[in-house]
Amino acid sequence: MAERVRQLMEEMVPEVEEYRRRGLFSDAEVRALLKRRERFELLCHGRMAARADFLAYAQHELRLHALHALRKKRLGVHKRGTADAARVRRIHFILERACRKWKGDLQLWLTWASVCERTRSPARLQRVLARALQLHPREPDLWARAAAWEWEQRGSATNARALLQRGLRLLGDRSASLWEAYARFELSFRTQLLRRRRALGLTGGSDGSGAAGEADDGDGDDGDGDGGADGGSDGGLDAVALITFQAALDAAPADAASHEDAQLRDAAAAAAIRSAALGATLLRLAAAQPRAARLVRTMAACLLYTSPSPRDGLLS
């Protein structure tokens, strides 16, 4: 254990030397940093190592990462150095060791995925989500998280839809939350496609019955045309959205929500203002199944979404 810790500490020398050379940290701060890192490494390599030790170590490195960025900005240092990459690699190395030690801890994998997003490491995030899905294939929130990343960050509707459908095939009727994420995705995709048609002047009168579907936004290898698969008109887009929405309603848990009925009807009616056909159908479904008030309000919010961003959140 001591030899491994000593080796890791020696690998930090080029990083801390760069801190000194650039004037980002004083000698005293560098010494304190090395002592704290050594203490964390001894804890993580010990026989009684706990999850909290790894998480505290990762949190310490994330705070260092933020402090380093602030000092670079204050000193006007714009060029990236070896210390930048080494620090990010160390954060992921800490979390990788924790996930390897406690493979069954889903929260650890989700924490690592969040850190990948925070450190802007998309390639690593893709690997983390893929590995987490291999180990936890029956976690609906994990499938929804992976699909949300594909759609919201990579702009790939094809990959997002494939992940959601794969998760639904695996989980079946027990995945109410995954059905909700799928319905939210289809409404989000519909909204984006109709906005694009309006921007290109392809609207035919109402919500955008123009030319057939454009492909994914920003993912060159997905050029197989999701829009065309969903039908080239508003009717085809609405049909897909309604099918997934009805399935989400059927899978929703039967929690009494009678006190929310008025809000439910208001949300569905508001959706009808934006999209008459789809909103009216939501209103009918709301009257038939008031137990899923929160779900219907979420779907209505997707239709009423007015932010400049073309993609609505799957996990909101």
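## A buried acidic residue and its partner

Glutamate 41 is classed as buried, because its relative accessibility is 2% and burial means a value under 20%. The model described here is a predicted one. The partner of glutamate 41 is arginine 97: the two form a salt bridge in which the closest N and O atoms are 3.2 Å apart. Glutamate 41 belongs to helix H3 (residues 27–45) and arginine 97 to helix H5 (residues 82–101), so this pair ties together parts that are 56 residues apart in sequence. Arginine 97 also counts as buried, with a relative accessibility of 11%.

## Pairs within one helix

Side chains of opposite charge can pair when their charged atoms come close. Two further salt bridges in this model each join residues of a single helix.

In helix H10 (residues 176–199), glutamate 180 and arginine 184 are four residues apart, which means a separation of about one helical turn. Their side chains meet in a salt bridge with an N to O distance of 3.0 Å. Glutamate 180 is buried at 9% relative accessibility, and arginine 184 is buried as well, with a relative accessible area of 6%.

In helix H2 (residues 13–22), glutamate 17 and arginine 20 lie three residues apart, again about one turn of the helix. A salt bridge joins their side chains, at 3.1 Å from N to O. Are these two residues buried or partly exposed? Glutamate 17 is partly exposed, with a relative accessible area of 37%, and arginine 20 is likewise partly exposed, at 29%.

## The wider set of salt bridges

How many salt bridges does the model contain? The count comes to 16. Some charged residues are connected beyond a simple pair: Glu15, Arg37, Glu61 and Arg90 are linked in a network of salt bridges.

## An arginine with positive phi

Most residues other than glycine have a negative phi. Arginine 120 departs from this pattern, with a positive phi of about 55° although it is not a glycine.

Where does arginine 120 lie? Its place is in the loop between helix H6 (106–118) and helix H7 (122–135). Arginine 120 has a relative accessible area of 75%, and therefore counts as exposed, since the cut-off for that class is over 50%.

Definitions and conventions:
Residues are numbered from 1 along each chain as its sequence is written. This is a predicted model: local features need pLDDT of at least 70, side-chain atom pairs count only at pLDDT 80 or more; totals for chains, interfaces and linings use all residues. Side-chain values use heavy atoms; hydrogens and water are left out. Helices (H or I, at least four residues) and strands (E, at least two) are DSSP runs, numbered from the N terminus. Buried means under 20% relative accessible area, exposed over 50%, partly exposed in between (1.4 Å probe, protein chains only). A salt bridge is a side-chain nitrogen of Lys or Arg within 4 Å of a carboxyl oxygen of Asp or Glu.
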